[in-house]
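New to this one? Here is a quick briefing to read alongside the sequence and the 3D view.

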Amino acid sequence: MKKLILFLIIVFIANTNLSAQNELFLKKEFISKSDTLRYRILFPDNYDITKEYPLVLFLHGSGERGADNEKQLVHGSYLFTNQANRTNFPAIVVFPQCPTKDFWAPIKDRSTGKFGYINAKHPTKAMQLVIELTKSLLKKEAVDSKRIYVIGLSMGGMGTFDLICREPKLFAAAVPICGGVNNERLKKVKQMPIRIYHGAIDNVVPLEHSQSAYDTLKSFGSKQCEIKVFPETGHNSWDQAFKEPDFLSWIFSKKLK
């Protein structure tokens with residue numbers, strides 16, 4: 001009984017600390033015409049509008065869709081509220097939330113359990129709002145236009161690929177985790193630093209989706225793409241990716257020429 005009480009106390013303290021850290025991300029709404037994109041934004045310590053900071057977009061997975069403007073912080077937000085990281089990598093960090101019935105990237109019917117990627121001319125409504133929000137922040141906040149990055153997991157990994165293919169000149173680097181893309185679109189980003197992560201035993205988004213994207217990029221002549229496969233990891237390869245010692249330092253080292 002004492003062990004159970006101690007465990008519950010530890011869980012309560014951990015959840016309280018996480019909640020307090022998440023409060024560093026301010027709740028915002030971006031409105032374009034009749035559409036609204038909810039997002040959370042984290043500013044660096046001692047934010048100075050006269051300086052320039054990297055901008056990081058983080059695209060969540062399908063399970064974090066909604067309208068509460070909170071669930072999108074479940075995975076990855078702690079990387080940016082960690083005080084050491086805030087000190088070493090001061091940045092503006094944005095976690096938009098995709099509405100429940102929308103997707104970051106256009107994909108084919110999933111009813112069979114298999115993903116297919118559409119080479120759609122227009123982005124989804126949610127992605128269009130993300131693009132507009134990013135360009136708005138570029139104008140209104142102290143953003144270094146040569147250091148804009150995007151990270152995404154699962155549906156957000158697909159969104160990461162989709163976003164850089166739509167805006168190849170906007171991003172200095174990208175990190176798609178357990179995602180996928182219509183590979184013919186990748187020619188537009190063959191010069192971009194892209195680090196792909198995936199679990200070898202992923203039964204939700206199979207490894208072949210990332211592997212084929214990597215192989216295609218290399219066939220296009222990419223010298224700045226790489227893939228990291230975790231042999232004993234399933235779909236939640238983001239947990240392993242976040243533990244990589246250079247996960248943040250790699251992306252923050254990239255800069256548009």
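What follows covers cysteines, one helix and some aromatic rings.

This is a predicted model, so local features need pLDDT of at least 70 and side-chain atom pairs count only at pLDDT 80 or more, while totals for chains, interfaces and linings use all residues. Residues are numbered from 1 along each chain as its sequence is written, and side-chain values use heavy atoms, with hydrogens and water left out.

**Cysteines**

- Taking a disulfide as a pair of cysteine sulfur atoms within 2.5 Å, the count comes to zero.
- For C98, the closest cysteine sulfur belongs to C178 and sits 16 Å away, which is too far for a bond.
- C98 is buried (under 20% relative accessible area; exposed is over 50% and partly exposed is in between, with a 1.4 Å probe and protein chains only), and its own value is 0%.
- C225 has its closest cysteine sulfur in C165, at 13 Å, so that one is too far for a bond as well.
- C225 is buried too, at 6% relative accessibility.

**Helix α5**

- Helices (H or I, at least four residues) and strands (E, at least two) are DSSP runs, numbered from the N terminus.
- Helix α5 takes in residues 155–166, twelve residues.
- The expected span of a helix is 1.5 Å times one less than its number of residues; for α5 that gives 16 Å, and the end C-alpha atoms are indeed 16 Å apart.
- Twelve of the twelve residues of α5 are buried, so the rest of the structure largely encloses this helix.
- Among those buried residues are M155, F161, D162 and R166.
- What do they pack against, counting contact as heavy atoms within 4.5 Å? The partners include β5 (143–153), α4 (125–140) and α6 (207–219).

**Aromatic rings**

- Rings of Phe, Tyr and Trp (its six-membered ring) pair if their centres lie within 6.5 Å; planes under 30 degrees apart are stacked, over 60 edge-to-face, and the rest tilted.
- The whole structure has twelve aromatic pairs.
- One of them is F43 with Y47, a tilted pair at 4.7 Å centre to centre and 35° between the planes.
- In that pair, F43 is buried at 18%, whereas Y47 is partly exposed at 27%.
- Y78 and F242 make an edge-to-face pair, because their planes are at 80°, with centres 6.2 Å apart.
- That pair links distant parts of the chain, 164 residues apart: Y78 lies in α2 (residues 77–81) and F242 in α7 (residues 237–243).
- Y78 is partly exposed at 38%, but F242 is buried at 7%.
- Y78 and F242 both belong to one aromatic cluster, whose members also include F25, F58 and Y197.

Terms used. Contact means heavy atoms within 4.5 Å.
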